[in-house]
Each structure stands twice: as structure tokens, then as C-alpha cells.
Amino acid sequence: MKQSVLLAKDSPHIRDNSSTQRIMLDVIIALCPAAVASAIIFGPRALLVIGVTIFASVAFEYLYCYFMKKENPVGDLSAAVTGILLAFNLPATIPLWIAILGSFVAIVIVKQLFGGLGRNFANPAIVARIVLAVSFAGRMTAYAYPSFEGGVDALASATPLVATQHADLPLLQLFLGAHGGVLGETCAATLLLGGIYLVIRRVITPTIPLAYLGTVAVISLLAGQEPLVQLLSGGLMLGAIFMATDYATSPYTLAGKLVYGLGLGIITCGIRFWATSAEGVSYAILLMNLLVPYINRLTLQKPLGGGKKK
Amino acid sequence: MKNVFKRAAKGAHVPHHKNTQNSATVDMPVPAKIVLPMQQHIGAAVVPVVKEGDQVFVGTVVGQSESPLSAPIHSSVSGTVTALGEVKLPNGTKVAAVEITSDGKQTLEPAIAPPEVTDYDSFIAAVRASGLVGLGGAGFPTSMKLKLKDLSMVDTLIVNAAECEPYLTADNREIMENSDAILAGIHAVQKWMGIKNVIIGIERNKPEAMDKLFDLIKGETGVKVKPLPAVYPQGAEKVLIEVCTGREVPRRGLPLSVGCIVMNVSSIAFLADYLRTGVPLLSRRLTVDGGCITKPQNVRALIGTPIDDVLAFCGGTKGDLGEVITGGPMMGVLIEDTSFPILKQNNGVLALPREEVLLPDVQPCIHCGRCIDCCPVGLSPCVIAAGVDANDPQEVDRLQADTCMECGCCTYVCPAKRPVTETMRRAKVLQKKAKKGARGR
């Protein structure tokens, strides 16, 4: 019995069926309900913005790797995830060229220039959102109001975070997302649904979202704000479930994740309650992203028997 | 108990594939020819003590060494030594080997008699003469394991019946078919070494064997059966000690340093058989399984039988064969040449289809942290990998890469299909080199 074509390799000889592509696909699936909700709330232009950012992100990734003679990574779907998350951070009224510029910042500057997938120092979509918000402040806060509520696509500068200080939005309306804001952040219900899907699929653990949301709730209570309103408004749900849990820019261990979530909550509340900006989620995530290498180093898990040395 | 803040240590949910759980062991016929490599254990290779043309019997010593870290090797057939040569072990080293052509009579060596054990020293001498090595796969000489300067160092014997590797059911069959010997072996170790506590660790995926063990220990004092979760790798020595006793074996330490001795369940049973009959280690129960085996089953094969014979006995292979390995798919050893013989420490022969074992394309690390979560000894493989890429021995040493036992969990769970376990092996080499360099200066 001659077997001349046997493989030669090291143990382990078997692998599970997970893959980067499958993880990214799961994230896309988890983002779908929120995308549908945005189309219902803000009208079909929401889908146009999402489509444009996905296309632009994937195209930039492909072109960059083509010109840099790197292997084509488009198949891992990570650029598509970044595209959707970026669109979720834009208002429905955004001019498409700004959306494309955002994709360029996210994919080329934040992701590929730092080494591509897994090597980005911060969440690409978050940095792109911040760059656009600083560069085009007016257009980035030109929130569309829900298209089915009388004043269709009315421009307004008030986000619920500003508005709630004057007129109270009903909680149910906040939960279902029938209020002004950027595309993906308004409908907390669908974001939670996506989050639960990701936890069931074991793509993420609930540690970071729970630590983040919990910290915000506690600080809101202490600061005399209504915790539920704080949790459901602004980009908190989107940020906590989908942006803060980005693998490359969040800590590895349970302790690290708790510290990270705590820091996110503190910075978010600090900005929301005591700084001039109404919203602090994106800055909180960016700042904590930068701390992740240090958090990782300080919260490394302890190897078995490693307590005593020699 | 388990502190999740210290380490996640979730292990890997590998498939069980215990297809041969209920297949009773079938004796294989005596092969025409056996090959006995002179190293079938961790430690020094033994030296052949026979010459070409010598007549040997079943149980005749053919290889021996003065080194305490070795175990004698016996002929498993009666016949004539036809060649003294060299074979390449699966790890690439070359060792001397003895080829014996069987006369088919299986005449027992006349000198064989039950050993006379009267005290601890004669017990250790008997264990050494039996040729026993750790039968769980590592092959550590048992006499060395049991030889202590001070018997008060150890208070607990842990019997490893976890058998956490997929496919393998040889230990399970040992429990089902030879349970009296297991108890006798435990008694012998207890008696001669003065050990009071005995814990038998077994994974919950073997309910029948677990019931059998619970029946077995009825009326015993100091012997406990500890059911373990069916998550790979419960049978890893340090993990098993922590789960069974709560004690942590220190870095670079042996189980002895926390008062434990861990023995495989088949080793324990063999020990009892040897003390009763005096017949040394001559055969192994093997699980022959995997997608390419026509007739998966448990067989008893003489040590030195060519793997080809074992495969042929099980109906040969079918389909697109990718790999033949001895041991389980997680830590097993690849066999390049299937004419290689069965060794003492083998507990299974697997033939896996090509599609199951093909190397997938490697993608960049996405820092998902799955390798960190699953590592049973709480290492941070992807952080260590970064240290290896940076060729930084200090970093690798700080992260205690030498604690890695190469269980394979990290590679198994990696979604980017990176060869993480291989990188851990490189990390250990890097660490060793740096240590040597530091000492030289």
C-alpha cells in the first residue's frame, strides 16, 4: 500500500470551520435590520448612501492593493463592513461625494496605510466620521427627520440629545428610532437585535457593550440625567454594539474589556454632559482605541503556574 | 475555583468522533516481521543487546540503557533477528532499530516470571523492567516518574482517563474490558508508594465507562471518580491537576512539586497485569479510525507491527487519503512512511481524508482573541506570535511561551487559519536560544 501523495504537516491536523469571511458576513447580517430600519425611517436615499459607501470602500481597498501590488483582500468582506458602518454614521442628506471621501479616509488612510486588516490603530469608520464631522460640520449634522412624519427631509441642526433637553421625545419613539439622527444610530431596537445575533453566533462577547452601556447608565443617574434617554439616543447603541467591539481595536481579555467599556462610558458621559459637543461616542471610541495596546499589556491573562518564577 | 479574571482557559470544542466507543478490541494476527526502533520514550535511546541471527522469544530484551531516563525494549514476537539498522523517527531523528522475523510460534521467553515486589525499591525495579512508558502519548518512562527521593512529596495519584482527543477510544475500551486491572494497578501504586488519595478523571462523553468506574470504586476509600467537561484538552497533565485538585503546577515545574503523580489509565492497568504475570509491554490497544478507514475499530497490535499491516487489517483505506497519523488529530504525529512500526506510546492510527486536513490559506490576524480565550494554560498566543515576528526573545520569555504544551487549540479555533501552534513552537525555540546565548556570555 504505497501512499506517495500524503501531506506533510504539523499538528493539530484539524481546524474548525470558522473564517474571517464568515465573521464579517455575520456582522453584515447583524447590520441588515438597522439598514432596513434606516430606509423606512429616512426614505430610500438611506439605501443609496449605504450602497455608495460600500462600493467606494471596496473599490478603494481593491485599488490600493492593486497599485501597492498586495494580495487582493476584498473577499474577506471587511471593507464592506467598514462601508456599512461609515454609512450608518452619515445623515441621509449627505452629498455623495462626502460619503466617498469618508470611504477614502476609512479604507486608505486609517486601514491600509497602517497595514490593512487587523493592523488599524483605530476603528476606520469612526475616524472617517470624525474627519467628516470636523471638515463638514454643517452637512454632517444636517439630520433628516423621519420621512413619514410630515416635514419630510427637513433640515435641522438639533439631534435628540440637544432636543431632549427641551422637549421630551417619548421613549418608545426613541427605541424604534423615529427621530432625527444619522442613518444607523436611531433605531435602537434593530441594533439590539443585531447585537443579540452577534452574541449568539459568538462573533462578539457581550462584555464590552454591557460595560459601556452600564457605565453610561450609572453616570447618567449620578449626573441627574434620564438613563434610558441617554442609552437610546445618539450613536451609543451603534457604537457600543458594532464599533467598540471591533476586534483589532478592542482588548483581548475579560478584564481588559471591562476596563475598556468603563473608559468608553466615562468619556462619552464627560463629553455629553460637560463639554460643548452634544455627542461623545465617536471621540470616546477613538480615544479608547488608542489606549487598547496599553490596556492589553496591563490586563494580560496569567498563564497556569506563572505566578511563581523559577 | 476557576477564576475567569485570571485566565479564560475555555479550551476548544473539538468534534468527538468517538465512533469506536462500543467496538470491542480485536487481536491482530502476528506480523511476519517487526521493527523495533531503539527509542520509544522520552529520554536516552537504548542500545541493541542482540546481534543479527540471534534467536529471540516473546519478551526477550532487545534494547537496554544505563540511563535512568529510558525504558528497556522487548521483542513482541519469537523468531530471529534479521537486521540491525537505522530508522527515521517521525520527528526526523535517526535511531538504531532491530528487525525481527517472526517464526509464528510466539514462544514465551522462559525467564519470564512475575516480579518479586517486597518494598518500594523492588517495585520501582519491576516497573523499570516492564518497559512501561506513559501510554497516553508522551511516552515518559514510568519508572522515572515513580522514582522519588522522598515519598512524602506526593499525596495524590491522578489517573488520567479523560481521553480528550477526537476519535480515540482505546482508554475507554481499557476501562470497559480491563477494569479489574485498573483497580489492581491503583492498589499497587497506593501500597508501594503510600499514596492515600486517588482521583480518576474522565470526560463526560463516555457515560458507560464512567458508570463502570463508579461501580469499580464502590467500597474503596480514598478513590474518587471525577467527571470532567467534554472540552478539549481536559487530559493535559497540568490542566487535569488543576481541575482535579485545584493546585497549579508552577512554571517549568513537575506535577510532583504540587504533590501529584498523573498516570494514564492504560498505564495503570498494564502495571497491574505486569505485576501479576511478568510479561513486559508487548502490545498496544489502538483505535483505528478516521474518514479514510474502511472498517473503524479497536485492535490490539504487537509493538513493532508496521502501520501498513494495521491499516490493511482494518480493510485498508478508502477515498482520497490525506494524512496518516498516530495519536489523535490534535496532537498526533504525522506518519510520512506507513511502513513505520507501531510504538509503545501509540494509542491510535488515524487516516484522514485530504479535504479535512488540507492547509487553508493563511490570512492576517484580526486580533479576535479566540486563541487567548481557548488556551488551556492561559497563554496569549497572538501576542506571543507578535513577539516571534519581531524576533524578540525577551518579550516571548515575559509571556512565558515555555508553558505551552502544543495542544493545538489555538490553531484549531483561529478564524484567519494561522498556524498559531507552530508559531508557539518557534517561540519556544527562540526562548531556548536566548537562554543559551545568555549563559554563554
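**Figure 1. Cysteines of chain B in the predicted model.** The sulfur of B:Cys409 lies 3.6 Å from the closest cysteine sulfur, which belongs to B:Cys407, and this is too far for a bond. The model shown here and in the following views is a predicted one. For B:Cys374, the closest cysteine sulfur is that of B:Cys409, at 4.9 Å, which is again too far for a bond. A disulfide would require the two sulfur atoms to be within 2.5 Å, and by this rule the count over all chains is 0. B:Cys409 is buried, with a relative accessibility of 1%, and B:Cys374 is likewise buried, at 3%.

**Figure 2. Strand S17 of chain B and its cover on both faces.** Each of the 6 residues of S17(B) is buried, so the strand is largely enclosed by the rest of the structure. In a regular strand the side chains alternate between the two faces of the sheet. On one side of S17(B) are B:Gly348, B:Leu350 and B:Leu352, and on the other are B:Val349, B:Ala351 and B:Pro353, all of them buried, which leaves both faces covered. Strand S13 (residues 283-289) of chain B runs parallel to S17(B) and is joined to it by 3 bridges, with B:Asp289 standing opposite B:Leu350. Strand S15 of chain B, by contrast, runs antiparallel to S17(B), and here 5 bridges join the two strands.

**Figure 3. Strand S15 of chain B with its two antiparallel partners.** Strand S15 (residues 321-326) of chain B has 6 of its 6 residues buried, so this strand too is largely enclosed by the rest of the structure. Along its pairing with strand S17 (residues 348-353) of chain B, B:Glu323 stands opposite B:Leu352, and B:Thr326 stands opposite B:Val349. S15(B) also pairs with strand S16 (residues 333-334) of chain B, in the antiparallel sense and over 2 bridges, and in this pairing B:Ile325 is placed opposite B:Leu334. S15(B) and S16(B) together form a hairpin with 6 residues between the strands, and in its turn B:Gly327 has a positive phi of about 95°.

**Figure 4. An open sheet of 4 strands in chain B.** The strands follow the order S2-S8-S7-S4 and their pairing is antiparallel. Strand S2 (33-37) and strand S4 (55-56) stand at the edges with a single partner strand each, so one side of each is left without a neighbour in the sheet. At the S4(B) edge, 2 bridges make the connection to strand S7 (residues 79-88) of chain B, which runs antiparallel to S4(B), and B:Val56 stands opposite B:Gly79 of S7(B).

**Figure 5. The surroundings of B:Ser266.** B:Ser266 is found in helix H7 (residues 265-277) of chain B and is buried, with a relative accessibility of 4%. When residues up to four places away in sequence are not counted, B:Ser266 touches B:Leu135, B:Asp171, B:Glu174 and B:Arg284.

**Figure 6. Helix H14 of chain A, its bend and its packing.** H14(A), which comprises residues 281-298, has 18 residues and reaches 24 Å from its first C-alpha to its last, close to the expected 26 Å. The helix bends by about 45° at A:Leu291, and a proline, A:Pro293, follows within four residues. Its buried residues include A:Val281, A:Ile285, A:Leu286, A:Met288, A:Val292 and A:Ile295, as well as A:Asn289 and A:Asn296. The buried residues of H14(A) pack against four helices of chain A, namely H5 (124-135), H10 (207-222), H12 (236-243) and H13 (254-274).

**Figure 7. A:Leu232 within the fold of chain A.** Chain A has 14 helices and 2 strands, and buried residues make up 57% of its 310 residues. A:Leu232, in helix H11 (residues 227-232) of chain A, is buried, with a relative accessible area of 9%. Apart from neighbours within four places in sequence, A:Leu232 is in contact with A:Leu171, A:Leu174, A:Phe175, A:Ala188 and A:Met237. A:Leu113, which is 119 residues away from A:Leu232 in sequence, lies 35 Å away in space, C-alpha to C-alpha. Among the contacts of chain A between residues at least 6 apart in sequence, 74% join residues at least 24 apart.

Methods: Residues are numbered from 1 along each chain as its sequence is written. Chains are lettered from A and ligands numbered from 1 in the order in which they are written. This is a predicted model: local features need pLDDT of at least 70, side-chain atom pairs count only at pLDDT 80 or more; totals for chains, interfaces and linings use all residues. Side-chain values use heavy atoms; hydrogens and water are left out. The expected span of a helix is 1.5 Å times one less than its number of residues. The bend at a residue is the angle between axes fitted to the seven residues ending there and the seven starting there. Buried means under 20% relative accessible area, exposed over 50%, partly exposed in between (1.4 Å probe, protein chains only). Contact means heavy atoms within 4.5 Å. Two strands pair if DSSP finds at least two bridges between them.
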